[in-house]
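Open your viewer, get the selection box ready and follow along. Each stop tells you what to pick next and what sits there.

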Amino acid sequence: MTIKLLDPKVVSRIAAGEVVERPASVVKELVENSLDADSSQISIEARGGGISLVRVTDNGAGIPSGEVELAFNRYATSKIGNLDDLKSISSLGFRGEALPSIAAVAEVDIVTCAAGESAGNYLSLRDGTIVDRGSQGRSQGTTVTVRGLFRKVPARLKFLKSPATENSHIANVVSQYALAFPEVKFALLIDGRAVLRAPGSGQLIDTVAQVYGLEVAQNMLEIGSGGKEWESGIATSSLSVTGMVGSPAISRSNRSYLSLFVNRRWISSRLLAWAVEEAYHGLLMQGKHPVAIINISLPPDEVDVNMHPTKTEVKFQSEHIVFGAVQKTVRRALIELAPVPKIEEVATAYGAPSGTRQVLRTSPIGGDSPTTSPAIPQTPAVSLPVLRVLGQLLSSYIVAEGPDGLYLIDQHAAHERILFEKIENQRFQQEIEVQGLLEPVTFEVNPTQEEVLKSHSEDLAEFGFSIEPFGDKTYLVRAVPALLYQKDWAGMVRELLDSLSGGDKRDWREEIAISMACHSAVRAGQALTDDEMRELIRQLEQAALPHTCPHGRPTMIRLNSAQLGREFGRS
Ligand code: ADP
Ligand code: MG
């Protein structure tokens, strides 16, 4: 075949295909335009899966009467002017492609009235060509109506899913932008049904309640951070991470409840999704994913949004800083804003140390203390019912009865959970219990361990270890955490130093707490008295996350009466 230039109509349809993949893309582009126009109210209507009709109405700035036709020219935009502007984009749109692309694959009518103009204008386009224009009364704002999407592009039409699926994509786009712009009132009508109403109160929690329901909203924690704490050489004082995250109690079995925004642009990013999930490390059961709404704000010139036709992928100048900021902010909210319930002092059940005991006042962690907003509910306990201990199995499991069936509890994992929360609790209250040794004990390390010890000695001190250099590869230990007093604390420290020498441990403070909990917990194979078992279960009932050990493994198996009935052949 000879080479020839494509007909402009074909060209515009090919280009349109990059921007307009499906009805939800039309909704996304139109809603973005409404948001760029500073609208405070946006209503969206869809019919027939968005193929018959998509209509977006806003009360934004409107398009000045002289520019309405221009808006449908390819690469016509009011949002950027030159190459430099492309380096720091602060609007959602910037390419001037959406309106012409939509008009190339659908029938479009627009009615718009700009601020200060007495009457509005309308314009009708068919196949990308203007077929009607005129003036029409309307209050300030814009309405774009899109009908018969892809009617002339059967190849595209064929790839669309059922109307129900397309509707769900539309609902998702609107939900995401409602979450990103809680101060904007959104209404979504699908086939005449009100599917979503976001009140535009400016409070994210109100939008969360509308989008995800009350139960999720009641289990959300506000996150917020910014400023100097992430800097490591690079000036990122203007980086902030805000939003809300769900308590582990409302985790989901897929990632669709994780919303990421960069400067309030809805994006997809595996890296940031991973950062959020990292923050939940040890708090979620395997295969579970968090509910989270994360907005990263940073100077527009530190992020490139001009990566992909749909503008959903971004590239950060300092990826690792953004990653760290997201991970730390979420982690902090999960741990500090939702303090674990205070666990009563362990009785003498597990050999509490005798001798001198003191409380170590450790220095504040990570600078200033977080401010808890009173409006934010604390993570409620994932409650465990009151259990009656029946006995011990294989010296490793506690058999107990609850109102809903039989419980088999892994005594080591359960005790690890209890102690881990106790340690974290004491650390956040800066009241780690320390046990002075009667005589200082020498402690020898190998060169690798020594490097780790040097760089982490402050953190070990925070947990109650008083370790000072004492000559070649030798250290002097004067005090240890009270919890470990009569345990093999030297073995624990050695193991910890070895495990931390890998280098990239995400959060070694957490590793220390986990390691301490593991080494002081009762072992499998250890016979327990009835009193000890009852005490352990009582404390587990009070744990914030009784169902998993700090490594994320289950602490218990439950057989409810229905399951028991089935096992015995009673249906
Ligand atoms: P872009 O958003 O990339 O600029 P579009 O094709 O989506 O390109 O829109 C073209 C122009 O039309 C915009 O730059 C804006 O000036 C104007 N426009 C589109 N929709 C609206 C709206 N809802 N309110 C005000 N102006 C709008
Ligand atoms: Mg646009």
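A disulfide here is a pair of cysteine sulfur atoms within 2.5 Å. By that rule the count comes to zero disulfides. Before you go further: this is a predicted model, in which local features need pLDDT of at least 70, side-chain atom pairs count only at pLDDT 80 or more, and totals for chains, interfaces and linings use all residues. Residues are numbered from 1 along each chain as its sequence is written, chains are lettered from A and ligands numbered from 1 in the order in which they are written, and side-chain values use heavy atoms, with hydrogens and water left out.

**Stop 1: two cysteines**

Select Cys 518 and Cys 549. How far is the sulfur of Cys 518 from the closest cysteine sulfur? The distance is 8.6 Å, to Cys 549, so that pair is too far apart for a bond. Now click Cys 113, which counts as buried because its relative accessibility is 3%. (Buried means under 20% relative accessible area, exposed over 50%, and partly exposed in between, with a 1.4 Å probe and protein chains only.)

**Stop 2: a hairpin and its neighbour**

Switch to cartoon view. Helices (H or I, at least four residues) and strands (E, at least two) are DSSP runs, numbered from the N terminus. Two strands pair if DSSP finds at least two bridges between them.

Select residues 41-47, strand E1, and residues 53-58, strand E2: they run antiparallel and are joined by six bridges. Look for Ile 44, which stands opposite Val 56 in E2. Five residues lie between E1 and E2 in this hairpin, and Gly 48 in the turn has a positive phi of about 60°.

Add residues 141-147, strand E6. E6 is antiparallel to E2, again with six bridges, and Arg 147 in E6 stands opposite Leu 53. If you turn on side chains, keep this in mind: in a regular strand they alternate between the two faces of the sheet.

Step along to Phe 150, in the loop between E6 and helix H5 (154-159). Phi there is near 60°, a positive value in a residue other than glycine. Is Phe 150 buried or exposed? Its relative accessible area is 1%, so Phe 150 is buried.

**Stop 3: the largest pocket**

Next, center on Asn 172, Gln 176, Trp 266, Ile 267 and Ser 268, which are the closest to the centre of the largest pocket among its 30 lining residues. The volume of this pocket is about 860 Å³. The search runs on a 1 Å grid over the protein atoms alone: a pocket is an open set of points with protein on both sides within 12 Å along at least five of seven lines, and lining residues have an atom within 4 Å of a point. Grid points are joined across faces, edges and corners, and the volume is the space filled by probe spheres set on the points.

Color the elements that give two or more residues to the lining: helices H2 (23-36), H6 (163-180), H7 (204-212) and H9 (270-279), and strands E11 (258-262) and E12 (265-267). H6 gives the most, with five residues. By type, the lining divides into twelve nonpolar, eleven polar and seven charged residues. (Ala, Val, Leu, Ile, Met, Phe, Trp, Tyr, Cys and Pro count as nonpolar, Asp, Glu, Lys and Arg as charged, and the others, Gly among them, as polar.)

Stay on H6. Its buried residues include Glu 166, Asn 167, Ile 170 and Gln 176. With 18 residues at 1.5 Å a residue, H6 should span 26 Å, and its end C-alpha atoms are indeed 26 Å apart. The expected span is 1.5 Å times one less than the number of residues.

Over in helix H7, pick Asp 206. Asp 206 counts as partly exposed because its relative accessibility is 31%. Draw a C-alpha to C-alpha distance to Pro 182: you should get 7.9 Å, across 24 residues of sequence.

**Stop 4: another set of strands**

Jump to Ser 395, in the loop between strands E17 (388-393) and E18 (397-402). Its phi is near 55°, positive in a residue other than glycine. Ser 395 has a relative accessible area of 27%, so it is partly exposed.

Then select E18 with strand E19 (residues 405-410), an antiparallel pair with six bridges. A hairpin joins E18 to E19 through two residues. Find Val 399 opposite Leu 408. Add strand E23 (residues 556-560), antiparallel to E19 through five bridges; there, Ile 557 is the bridge partner of Leu 408.

**Last stop: Glu 511**

Finish in helix H14 (residues 508-520), at Glu 511. Its relative accessible area is 14%, so Glu 511 is buried. Glu 511 and Leu 496 are 7.8 Å apart, C-alpha to C-alpha, and 15 residues apart in sequence.

How values were computed: On a 1 Å grid over the protein atoms alone, a cavity is a set of points where a 1.4 Å probe fits but cannot get out, and a pocket is an open set with protein on both sides within 12 Å along at least five of seven lines; lining residues have an atom within 4 Å of a point.
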